[in-house]
Amino acid sequence: MKRYSNTISAVTILSTLFFIGFAMEGYGNSSVKNEKLIRVGAASEDITPEPGVYLAGYASRTEPSTGIRGNLFTHVLYIEKDNERLIWIVCDLLGFDYEDVQVIQNILAEKYQLQPWQVVVSATHTHSAPTVQAIGSEKETKYMNDLLYPQIFKAVDRAVGNAEDCEMILVEGYSELAHDRRNAPVPGDGAAPNPDRSKAFVDPRVPSVAFKKLDGSFKCILIQYAMHPTSWGDLNMGPEWPGATAISIKKSFGDSVEPFVLQGAAGNLGSPKRKATPEEMQSWGDELVASVDEKIKSSEASESSSFAVRHQTIRVALTVKNEQEVKEEAAEYKKIYASNLRILENTVLPWEKIQLQRLKDGTADHIDAQVVAIRFGDHVFVTTPFETFCHLNRECRKHVSHNVHIIGYTNGVYNYFPTKDAIDQGGYEPQAYLWYFRFPCAYGALEQFAQDIAPLINSTFINEE
């Protein structure tokens, strides 16, 4: 697609510059001999642009940003254990297009002698960051080329360069901050498709992986939670609750600690309040960190820092519409967004064109999703390129006995991923495929996905010789 061409050429140039004069200090010389130890590097870089860029996440927001409520960051975690290696990038952004993820993966894979799937690119899904994914408006390619990519690569360089032996601590907290916005909404969420609160389902777990240096201080604290960052929505940039959680990590564990905050399966989950104040937002981050803080500080390191990374491409079925249905649906969207030229030109018209072409190509009926399973001890984090409903965690437990945590918004974001019940109920999420230039996920696709990823999850527990 035309909109990617400038990004790819610019990043290729950037990668060449990054190769010049780089010394891979510590790379490939892991001193890990003790089974208790794991080699860890971590770094962060600011990715906040000046106001004036367009923000992603709300179709009603048609003006460029005017201010900064909080700085945006890219955080990088580098892990090395025996023959296993991983670069994991998470950015305070709504999400990435997979084509751009591939650019990042290929550059870093070549530079560090990795396979592309050993580079994982996640987003926190904040709705108050620049548009780098083609959802509703044109991508901010100048921001991507001039600031985002250089800072990502800089953070990766630093993380690989400062890798050192660490011990690993695994704990799990509990928080009821998130709510099921489809069955138990807060004011501002809109009407629920099913107002029966007994059917509401959330994932209250707060898994955390702490990496402790040999001098007793902490290197990096990883925290994951499932909850949409949709509590501002004005023209100010900010990382929302993931950023507040990162701040709280530093308050609790020291300013030198690198925070690594991951977004879970939050497709159906909203935050406690719309239009929250910065103080309220910070209290949410404090609560999430408090749920694991003392457990981390009082726990002994794991006797075995088991670590494994596996990947698989899994085909996800879509509900295909015919040519006439596409044209009729596009006509309805054109009426709805007739007064919003940005959405009309950047979303509705491309959606119609892309879907008609996919029908001709025979590619309209599926998504090939890159899935990565990352094991730390007895916890397995499974990345998905979807706004997947948190029910996917529950579905996984039908097929595996391991402690699984689904991570959304990773290696691209293709679509909402609803349950069969949600499709039956209707409402926003099952019908939001317009923004992703796709057809909706097929009935039962989420439940089938849980079954399909079970062998991948199990494979992370097979000892490699």
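Helix 4 passes helix 5 in a right-handed crossing. This is a predicted model, and two parts of it are worth a look together: this helix pair and an open sheet of four strands.

**Helix 4 against helix 5**

- The axes of helix 4 (residues 240-253) and helix 5 (residues 278-298) come within 8 Å, crossing at roughly 45°.
- That angle makes helix 4 oblique to helix 5, because it falls neither under 35 degrees, nor over 145, nor within 65 to 115.
- On the helix 4 side, the residues in contact are E240, W241, A244, T245, I247, S248, I249, K251, S252 and F253.
- On the helix 5 side, they meet M281, Q282, W284, G285, D286, L288, V289, D293, I296 and K297.
- Sorted by class, the contact of helix 4 with helix 5 has ten nonpolar, five polar and five charged residues.

**The open sheet**

- If you trace the sheet across, its strands come in the order 15-16-17-19, with mixed pairing.
- Strand 15 (307-317) and strand 19 (403-407) stand at the edges; each has a single partner strand, so one side of each is left without a neighbour in the sheet.
- From one strand to the next, the twist averages 20°.

**Inside the sheet and on it**

- Strand 16 (residues 366-376) and strand 17 (residues 379-383) run antiparallel and are joined by four bridges.
- For a handy landmark, take I374, whose bridge partner in strand 17 is F381.
- Helix 10 (residues 445-452) packs on the sheet, where it touches strand 15 and strand 16.
- The direction of helix 10 makes about 145° with that of strand 15.

Notes. Residues numbered from 1 in each chain as written. Predicted model: local features only at pLDDT ≥ 70, side-chain atom pairs only at ≥ 80, totals over all residues. Heavy atoms only, no water. Axes fitted to C-alpha atoms, helices over the stretch in contact; angles between N-to-C directions. Left-handed = near helix turned anticlockwise from the far one by under 90°. Contact = heavy atoms within 4.5 Å. Nonpolar A, V, L, I, M, F, W, Y, C, P; charged D, E, K, R; others polar. Pairing = 2+ DSSP bridges.
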